[in-house]
Amino acid sequence: MLGFLKNFFNELSQFRKFLKLNEEQKEIIFYAENENQLDFFEDIINSLLKRNIPITYITSSPTDKRLKIKEKVNFFYIGSKSIRTIFFSTLNTKVLIMSLPELNKYEIRRSKYPVKYIFVPHNILSTHMVFRKGAFDAFDIFFCSGPHHLKEIKETENIYNLKKKTLIKFGCSRIDKVIKNFKNTKKNKKNIRILIAPSWGINGLFETGAEKLINHLKKKYIITLRPHPDTLRLNRNCIENLLNKFKDNKNIMYNPKIESIQNYFDNDILISDWSGSAFEFAFGTLRPVIFLDLPKKINNESYIKLSNKPIEINLRSKIGKIVSKKNYNKIPEIINDFEKNKDIWKKRIMLARKSYIYNINTSGNAGANYISKLINEN
């Protein structure tokens, strides 16, 4: 009880400080549900700061402290309960940027004031299969990662007779970050490293059992296990049981820090199921991915109404290989092919990246250009 009260009064105090900001300081607000979401906004924020445009950053995470050192960034923690509800319902600003879908469906509601809501995708996955139906309907503006988002949003609006959103050719900040920080390092050919980074849910790799896969790899490769935060939040036992089974194997490591991109640089191959991390890895490092043919992650059964096939289905064979559960034993053979044909795969993935992603390495500027123009127009 004491802990709850302490948190409440801390959130209330932060909210009161936010209310004291002048109008200009509250023109552009970024909202982050957790500390990982800074990656999706950071390039936009830095580009706006270079133009001497003030920024306010609101977070629901008590551990989100990375922006406090930024000049001209007003940083506030409002938690995820009653103060957050009040904040959103009474918000009077020009623009709010967020990467959390399903605005106006649950606790986070649109303000009674005419705020412009911008959605910034946290990956390049399609909008109509892995996301729930209507996940983006309440947004005014959608920052598209690539041409697929543009087509999907327009088709969805036509099918369901929805209000038209402003669609901006943006890109993907997370992929830009991987590209900018990626450095080729000399590798010991005897120690090929594999990153296993699947999605989460009832059909996810870790939830359904990764022991068989690891048993085919553990003797030959260095393996890093990186579960999705929602796997740890909703089904931590499956990870703890897996780690316990392989606790004596020195070739198996564990790194749950999904916000870190260092894992992508340290590993030669990524194995995933339907996670957006597969595209971050491939398009950021130009290294291929092994996709496990597990059941699709479908949160919207109506996705089949759209003529545009979800990118997570369409791109798999273009940036890697698909492996069924019965063929896990063939993965070493696939890895050998990847190593033997590195240059071919590099060119292939680069071609796909040019076709599917807007504004490679400049998404932050693209986003900032639109936001600053929007503020000036208003």
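Contact here means heavy atoms within 4.5 Å, and angles between axes run from 0 to 180 degrees between N-to-C directions. The structure described below is a predicted model.

## Overall build

The protein contains 16 helices and 13 strands. Its C-alpha trace spans about 60 × 50 × 40 Å along the principal axes. The radius of gyration is 21 Å, which agrees with the value near 21 Å for a compact globule of 378 residues.

Of the 378 residues, 54% are buried. Among contacts with a separation of 6 or more, 70% are between residues 24 or more positions apart.

## The seven-strand sheet

Seven strands make an open sheet with parallel pairing, in the order β3-β2-β1-β4-β5-β6-β7. At its edges are β3 (73-77) and β7, each of which pairs on one side only. Neighbouring strands in this sheet are turned against each other by 20° on average, with direction ignored.

Two of the pairings can be followed in detail. β4 (residues 95-98) runs parallel to β5 and is joined to β5 by four bridges, with Ile97 standing opposite Ile118 of β5. β6 (residues 141-144) is likewise parallel to β7 (residues 166-169), over four bridges. Here Phe143 has Ile168 in β7 as its bridge partner. Between β6 and β7 the chain passes through helix α4 (residues 147-160), giving a β-α-β crossover that is right-handed.

Which strands does helix α16 lie across? Helix α16 (residues 363-377) lies across β1 (28-32), β4, β5, β6 and β7. Its direction is at about 160° to β6.

## The six-strand sheet

The other open sheet described here has six strands in the order β10-β9-β8-β11-β12-β13, and its pairing is also parallel. The edge positions belong to β10 (252-254) and β13 (320-323); each has a single partner strand, so one side of each has no neighbour in the sheet. The average turn between neighbouring strands of this sheet, direction ignored, is 20°.

Near one edge, β9 (residues 222-225) runs parallel to β10 and is joined to β10 by three bridges. Leu225 stands opposite Tyr254 of β10.

## Helix α11

Helix α11 (residues 277-285) lies across two strands of the six-strand sheet, β11 (269-272) and β12 (289-292). The helix runs at about 160° to β11.

Is α11 mostly covered or mostly open? It is mostly covered, with nine of its nine residues buried. The buried set is Ser277, Ala278, Phe279, Glu280, Phe281, Ala282, Phe283, Gly284 and Thr285. Just after the helix, Leu286 has a positive phi of about 60°.

## Asn123

Asn123 is found in the loop between β5 (116-119) and β6. Its relative accessibility is 10%, so Asn123 counts as buried, the cut-off being under 20%. The side chain of Asn123 reaches the backbone nitrogen of Leu125 at 3.0 Å.

What does Asn123 contact beyond its neighbours within four places in sequence? The partners are Phe131, Ser145, His149 and Gly276. One of them, His149, falls within helix α4.

## Glu312

Glu312 sits in helix α12 (residues 311-314). With a relative accessible area of 3%, this residue is buried. At 3.0 Å, the side chain of Glu312 reaches the backbone nitrogen of Ser126.

Not counting residues up to four places away in sequence, Glu312 touches Leu125, Ser126, Met129, Val130, Trp274 and Phe279. Two of these residues have already come up: Phe279 as a buried residue of α11, and Leu125 as the residue whose backbone nitrogen is reached by the side chain of Asn123. Asn203 lies 109 residues from Glu312 in sequence, and the C-alpha atoms of the pair are 16 Å apart.

Technical notes: Residues numbered from 1 in each chain as written. Predicted model: local features only at pLDDT ≥ 70, side-chain atom pairs only at ≥ 80, totals over all residues. Heavy atoms only, no water. Pairing = 2+ DSSP bridges. Right-handed = clockwise from strand over helix to strand, strands pointing away. Buried < 20%, exposed > 50% of the residue type's maximum accessible area, 1.4 Å probe, protein only. Polar contact = N/O pair within 3.5 Å; in protein donor to acceptor, adjacent residues only side chain to side chain. Rg over C-alpha atoms; globule rule 2.2 N^0.38 Å.
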